[in-house]
Amino acid sequence: MNIPSFLRALPICLLAGVALLGQASQVQAQAAKELPQMTLSATDVNGKKLELSDYAGNTLLVSFFTAGCNLCARDLRLMREFYVGNAKRHFVLLAINIDRSKQDYETYLQLINLAVPKEQRFPIVWRYAPGFKDNFGNITSQPTHFVINPKGQLLWKREGTFQSEDWDNLWEALG
């Protein structure tokens with residue numbers, strides 16, 4: 001029987017594909033084990049000590065922003081809506097103000113207290129407060145967002161405003 005050459009190559013291609021899928025699964029499993037462990041130690045606006053580990057078991061969105069940044073304000077408004085709608089799904093939003101001036105930070109907090117209902121507020125800390133420590137690195141874009149899994153590991157980072165696919169990815173991270 002005369003078998004066309006492309007059909008004779010099919011079993012080899014299938015075996016190669018299975019081998020590649022096995023390698024991809026191993027790479028994904030290895031990558032999952034090597035996700036960076038994120039840390040943060042701060043004091044919130046009420047003087048309460050706050051550690052990233054306090055939120056173990058929750059998916060965490062950590063957003064770095066400045067008070068005068070329009071993109072930051074837009075993102076935080078949308079994130080506040082997401083936070084209110086998903087807090088019962090073990091989702092926490094943590095905002096980190098990176099204004100150099102403490103006065104800018106405090107003015108922002110005053111505006112939040114006037115404009116945002118208490119049940120819609122999330123923790124906000126100032127990165128330049130005494131005792132603040134984190135391992136998020138140098139923040140060069142505003143806003144910059146990090147999604148942390150329930151084990152405290154970095155899932156992904158977005159420099160700049162949240163994109164539509166980021167909302168999908170965040171939703172998936174909630175499980």
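**Close-up views of a predicted model**

**View 1. Thr59 and its surroundings in strand β3.** In this predicted model, T59 lies in strand β3, which covers residues 59-65. T59 counts as buried because its relative accessibility is 3%, under the 20% cut-off for that class. A polar atom of the T59 side chain lies 3.3 Å from the backbone oxygen of A173, and A173 also appears among the contacts of T59 once neighbours within four places in sequence are set aside. The other residues in that set of contacts are H90, F91, V92, V147, I148, P150, L170 and L174.

**View 2. Helix α2 and what covers it.** Helix α2 runs over residues 70-86, and its end C-alpha atoms are 24 Å apart, which agrees with the 24 Å that its 17 residues should span at 1.5 Å a residue. The buried residues of α2 are C72, D75, L76, M79, R80, F82, Y83 and N86, and what covers them includes the strands β3, β4 (91-97) and β7 (144-148) together with the helices α3 (102-115) and α4 (164-173).

**View 3. The largest nonpolar core.** This core holds 25 residues, of which L61, F91, I124 and L170 touch the most other members. At least two residues of the core are supplied by each of β3, α2, β4, α3, β5 (124-126) and α4, and the largest share, five residues, comes from α2.

**View 4. Ile124 and a second core.** Leaving aside neighbours within four places in sequence, I124 is in contact with D44, V45, F65, A95, Y105, Y108 and L109. A second, separate core has 20 residues, among them A42, F64, F146 and I148.

Methods
Residues numbered from 1 in each chain as written. Predicted model: local features only at pLDDT ≥ 70, side-chain atom pairs only at ≥ 80, totals over all residues. Heavy atoms only, no water. Helix = DSSP H or I, 4+ residues; strand = E, 2+ residues; numbered from the N terminus. Buried < 20%, exposed > 50% of the residue type's maximum accessible area, 1.4 Å probe, protein only. Polar contact = N/O pair within 3.5 Å; in protein donor to acceptor, adjacent residues only side chain to side chain. Contact = heavy atoms within 4.5 Å. Expected span 1.5 Å × (residues − 1). Core = buried A, V, L, I, M, F, W, Y, C linked by side-chain atoms within 4.5 Å.
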